Amino acid sequence: MARLSLQGIRKSFDKTEVLKGISLEVEDGEFMSLVGASGCGKSTLLRIIAGLESPDKGTVSIDGRPVDEANPKERNIAMVFQDYALYPHMTVAQNMAMPLIMGRLPMRARLPGMRLLIPGFTSVWRDIAGQVEAVARQLRIDHLLERRPAQLSGGQRQRVALGRALVRNPHLFLMDEPLSNLDAKLRVQVRKEIVELHHSTNLTFVYVTHDQIEAMTMSDRVALLQEGQLLQVGTPDDLYTDPDSLNVARFIGSPEVNILPAQAVQGGFNVGEQFIPFAHDLTPRSDLFLGVRPEDLMIGGSQALGAQQMITLPVTHKSQEDLGGEIILHTALKSLPDVDIRARLQKAAGGVDANIRNLRGEITLAFTASAIRLFDGAGQRIRTDEGAVATHPALKEIAQ
Amino acid sequence: MTVVKGSLARRRTRLAYALVAPASLLILLIYVGPIIAVILASMTDYTLIRDGFAFVGAENYTNMFADAAFANALKNTVIYAACFLPAAFVVSLLLALAIQSRKRFRSVLEVIYFLPVTSTLAAMALVWAALMDSRQGVFNNTLQLVGLGPINFLGNPDIVLPALAAISLWSIIGFNMVLFLAGLTAIPKNLYDAAAIDGIDHPVDRFLRITWPMLAPTSVFVAVTTSITAFKLFDTVALLTKGGPGRASEVYLYLTFLEGFEYFNMGYAAALSVFFLGIIFLFALVQMLMSDRRVNY
């Protein structure tokens, strides 16, 4: 159990600045994901937390105590590596026992062969074996203890790596893309197991991934990194519904959020030649962006819900992807043919036309004003009181 | 259908044989043929100075095992190997470990240590002879400065084998070091990361628990190839000592050379060669078994 605090972490490799001042607080028992595209510095940050790299500037504190001078072992952390980093020449049991052997036995007792020559540590050895077995049973790998990593499947290796991390009772659990070497099906399963592990151990987890779905589904909070900077830290729902910037909105959600270049005009926006009614007090300016999630779009027209509150967009069908349960529709406005407008439509859901597969040509998409997120020309969020906007009297007026 | 299939299979078979033929032919000509020839020759009394020869069966071999020169050569070779092998292994491993962690000078040091490998040992042996000279040699001059010596490196029967081992060492450590460096580079970096997290941070622990076991395949290879090199000692002996003083540096291959090309006993020399081949084969076998089993992950 531990609280982790990062203050102004900076790190450069040669002349490239990988981390540009990261400050982050991770609460005791929290599952925090560091998410970002490859090269954003998330793995470097994790290695700095672990003590495998030292920051150029900044402080890492665990439970309020700076640990910058402590080596990895002294920080009492556990780390699971992307490709597990199991010792290939040791059995599963030896792999898992390693942190305990190093922690509890003095040099003279742990040198090869000394186990038999130096008596007096029998109880320690027995203790270690017992602990390894207990953790192995917990992870259901107790039947694999005598095998070597090469004889294990990807999922089993993953579990051994977890076991080696768990056995030492760490304060802090670090994971560096632990699922990326597993196949899709196993990934979903292990994802669930890691979440369960977090619940049962109540440890503080810091989880690095490039996969926003992993970050969203597993974490209490998500820290989104880009080019060495924290874009936003918040709950998965915060990042999805209330992004601070276009980059955050883009990174979270699949298919990607629709970004419509717009101009603020009196009583709304112009998107291409299309007017979108929206109450705002923005000064008319040319560069603005509207963000609308594909899942907030529906096929408009007669069946649209609460017609007077819906904003409609007449678009042209370009293509579609049938995902079984849902269809991703790719469309574009006539006046903005290069801007892909994606709509994610549930096939089975009531109210959706059964002929949705056969949609072609001119279509009307509809969405509510509350689905709109506003961003300025630089991609920073312009916050309006969304709850109020939907029911804003002026908006109603315009819509009618 | 079956006709077409059959002919396709036949055509493929023919093509396969055609493709393997050149390599097989070369192996037969260069390796298998000479080995058979040597084995056959070892059972004759063939000499270079007499026409015709007769089969004598195992006579050459019985003579060989009764021959004091054979025993002496074998003993000398083993003494030489005992000086040479551990040093060639340990020194190159230590050098590799030391150089590997260097960032800036690594490539420079690699080249420096590898240079002797690229030089012609026959030529360099003469330089070594000059260095080791009992009167004007640099080594003895230096030793005399501190009040030691002179040591007759190549003339003293007790010292000649270690001295020859030192020359061979100089010529091989660069090669072994590069092999070890390759082995070290192949160890995944994240194993050391995992080790640091697990508390394996003392250099001794790190070496014993990660580096040494991960280096095992390389070590077996280096040990076996170096052993073979040790038994193949010839050129420095031929150039510097001619087996002397007395027979103190008459090593196995030099004896074979003497029997064949100085005394013209080709049949006997062939028997020596077959025995030598057996020893090399044993080393190769050890390497094959070791790399097949435990060392492979």
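Two strands count as paired if DSSP finds at least two bridges between them. Keep that in mind for this tour of a predicted model.

**Stop 1: the two domains of chain A**

Start by colouring chain A in two pieces: select 4–241 for domain 1 and 255–399 for domain 2. Now look from one piece to the other. Taken over C-alpha atoms, the centres of these two domains of chain A are 42 Å apart.

**Stop 2: a sheet in chain A**

Next, select residues 4–13 and 57–62 of chain A. These are strands β1 and β4, and they run antiparallel to each other, joined by 5 bridges. For a close-up, click on Gln7(A): which residue in β4(A) stands opposite? That would be Thr59(A).

Now widen the selection to take in the rest of the sheet. Reading across, the order is β2-β1-β4-β5 in chain A, which gives an open sheet of 4 strands with antiparallel pairing. Where does the sheet end on either side? Its edge strands are β2 (16–26) and β5 (65–66) of chain A, each of them paired on one side only.

Add residues 42–50 of chain A to the view. This is helix α1, which packs on the sheet and touches β1, β2 and β4 of chain A. Compare its direction with that of β1(A), and you'll find an angle of about 120°.

**Stop 3: two helices in chain A**

Hide the sheet and select 92–104 and 154–166 of chain A. Here helices α2 and α6 pack with their axes 7 Å apart, at an angle of about 30°. That angle makes α2(A) roughly parallel to α6(A), since anything under 35 degrees counts that way. The crossing of the pair is right-handed.

Want to see who meets whom? Show the side chains:

- On α2(A), pick Val92(A), Asn95(A), Met96(A), Met98(A) and Pro99(A).
- Facing them on α6(A), pick Val160(A), Gly163(A) and Arg164(A).

Colour this α2(A)–α6(A) contact by residue type and you get 5 nonpolar, 2 polar and 1 charged.

**Stop 4: two helices in chain B**

Last, hop over to chain B and select 68–100 and 160–185. These are helices α3 and α7, whose axes come within 7 Å and cross at roughly 40°. So are α3(B) and α7(B) parallel or oblique to each other? They are oblique. Turn the view to look down through the pair, and you'll see α3(B) pass α7(B) in a right-handed crossing.

Try the residue-type colouring here too: the contact of α3(B) with α7(B) has 22 nonpolar residues, 5 polar and no charged.

Notes:
Residues are numbered from 1 along each chain as its sequence is written. Chains are lettered from A and ligands numbered from 1 in the order in which they are written. This is a predicted model: local features need pLDDT of at least 70, side-chain atom pairs count only at pLDDT 80 or more; totals for chains, interfaces and linings use all residues. Axes are lines fitted to C-alpha atoms, for helices over the stretch in contact, and angles run from 0 to 180 degrees between N-to-C directions. Angles under 35 degrees count as roughly parallel, over 145 as roughly antiparallel, 65 to 115 as roughly perpendicular and the rest as oblique. A crossing is left-handed if the near helix is turned anticlockwise from the far one by less than a right angle, and right-handed if clockwise. Two residues are in contact if their C-beta atoms, placed from the backbone, lie within 7 Å. Ala, Val, Leu, Ile, Met, Phe, Trp, Tyr, Cys and Pro count as nonpolar, Asp, Glu, Lys and Arg as charged, and the others, Gly among them, as polar. Domain bounds come from an automatic or database domain assignment.
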